[in-house]
Amino acid sequence: MGEGTAGVDDPAGAGAGAGAGAGAGAGAGPGVGVVHPGNAEQARAWDGDEGGFWAAHAEDFDRSLHAFQGPFLDAAALQRGEAVLDIGCGAGLTSRAAGRLTAGGTVLGVDLSGPMLAVARRQAAREGLDTVRFEQADAQVHPFPEGAFDVAISRAGAMFFADPVAAFGNIRRALRPGGRLVLLVWQEAARNEWFVRVRRVLAAEGREFPVPGPGEPGPFSLAAPDRVRDVLTAAGFGAPRVEGVDAPLCFGREVERAYAFMAGRMAWMVEELDAAARARCLAALRADIEAHLTPEGVRYAASAWLVRAER
């Protein structure tokens, strides 16, 4: 969950699809090249401390989304020999999976986060996936080679663009004619217990944290199917197919590990409180995590959309 600047409310915001090329972009992080000004704040966060946190907890993040990984890859229907573009690839789990599924093809994973891409490169090298490579790039403006990819995928990394129509238009140009786009995006906040419960617990002490409005960059910017259709068709894609999928997010098999991950990720929500109030909020978070402990681990309900469209 890291959204605020980069994804502080979104456990799957790690890897929010974004920035590099030649030249320095306005507000770019130290390792990011050309970045659209509207994405500059995210670039700074993902290429700084926020990206460092997610890189250090890449295994926890990927575990949380495990139940969505199978349906997402099934929807992508990757084939041997295909060229894949992975938008907001984070620490590269989906890129590596794509590399195995497209044996004989190629995979390019792009993300704003230098720290996460460092993890992605190490893991790909460790697994001997020499057809998988990574670039630090703002997918909204990066000059991808035109028509170079058969499919573009993004597992919860495509909801944060400042200008989604421009971003998806740029991604569309990178696809061959007839190429396809496959996204996993969150449904509305009310259908995502991981968001509602944790936010409610940590917004105690008489405070409120506003949810980004419809269409604003954030974890729920593509929560409405009609908006998904409007954005993608405006970007030049054919009418998308949108299918719901419900599955739990699992934040670890033990309370302590889940608490360390969730409390660290949400630390921004309690940093302004005095020590006593902060301790109360964190104790309430631990209690909520304990209440969600099952034989399969600490689980919170989640709902997403699988989106498929063709160039």
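**Close-ups of a helix and its neighbours**

**View 1. What covers the buried residues of helix α4.** In this predicted model, the cover over the buried residues of α4 includes helix α5 (93-101) along with the strands β4 (149-155), β5 (175-186), β6 (241-250) and β8 (297-310). So which residues of α4 are buried? Look along residues 66-76 and you'll find F68, Q69, F72, L73, A75 and A76. Now imagine looking down the axis of α4: these buried residues fall within an arc of 155°, so they line one face of the helix. Here's a handy bit of background: an α-helix has 3.6 residues a turn, so residues three or four places apart point the same way. Just after α4 comes A77, and its phi is positive, near 50°.

**View 2. Helix α10 packed against helix α11.** Here, α10 (residues 255-265) meets α11 (residues 275-291) at an angle of about 135°, and their axes are 10 Å apart. Angles over 145 degrees would count as roughly antiparallel, so at about 135° this pair is called oblique instead. The crossing is a right-handed one. Who's touching whom? On the α10 side, the contact uses V255, E256, A258, Y259, M262 and A263, while α11 brings L282, L285, R286, I289 and E290. Sort these contact residues by type and you get 8 nonpolar, 3 charged and no polar ones.

**View 3. Helix α8 packed against helix α11.** Helix α11 has another partner to look at: α8 (residues 193-202), which packs with α11 at an angle of about 150°, with 8 Å between the axes. That angle makes α8 roughly antiparallel to α11. This crossing is right-handed too. In the contact, α8 offers R197, V198, V201 and L202, and these meet C281, L282, A284, L285 and D288 of α11. What kinds of residues make up this contact? They split into 7 nonpolar and 2 charged, with no polar ones. Keep an eye on L282 and L285 of α11: they take part in the contact with α10 and also in the one with α8.

**View 4. Stepping back to the whole chain.** Zoom out, and the chain turns out to have 11 helices and 8 strands. How much of the chain is buried? Buried residues account for 57% of its 311 residues. Contacts also link parts of the chain that are far along from one another in sequence: of those between residues at least 6 apart, 78% join residues at least 24 apart.

Terms used:
Residues numbered from 1 in each chain as written. Predicted model: local features only at pLDDT ≥ 70, side-chain atom pairs only at ≥ 80, totals over all residues. Heavy atoms only, no water. Axes fitted to C-alpha atoms, helices over the stretch in contact; angles between N-to-C directions. Helix = DSSP H or I, 4+ residues; strand = E, 2+ residues; numbered from the N terminus. Parallel < 35°, antiparallel > 145°, perpendicular 65-115°, else oblique. Left-handed = near helix turned anticlockwise from the far one by under 90°. Contact = heavy atoms within 4.5 Å. Nonpolar A, V, L, I, M, F, W, Y, C, P; charged D, E, K, R; others polar. Buried < 20%, exposed > 50% of the residue type's maximum accessible area, 1.4 Å probe, protein only. Arc of directions from axis to C-beta.
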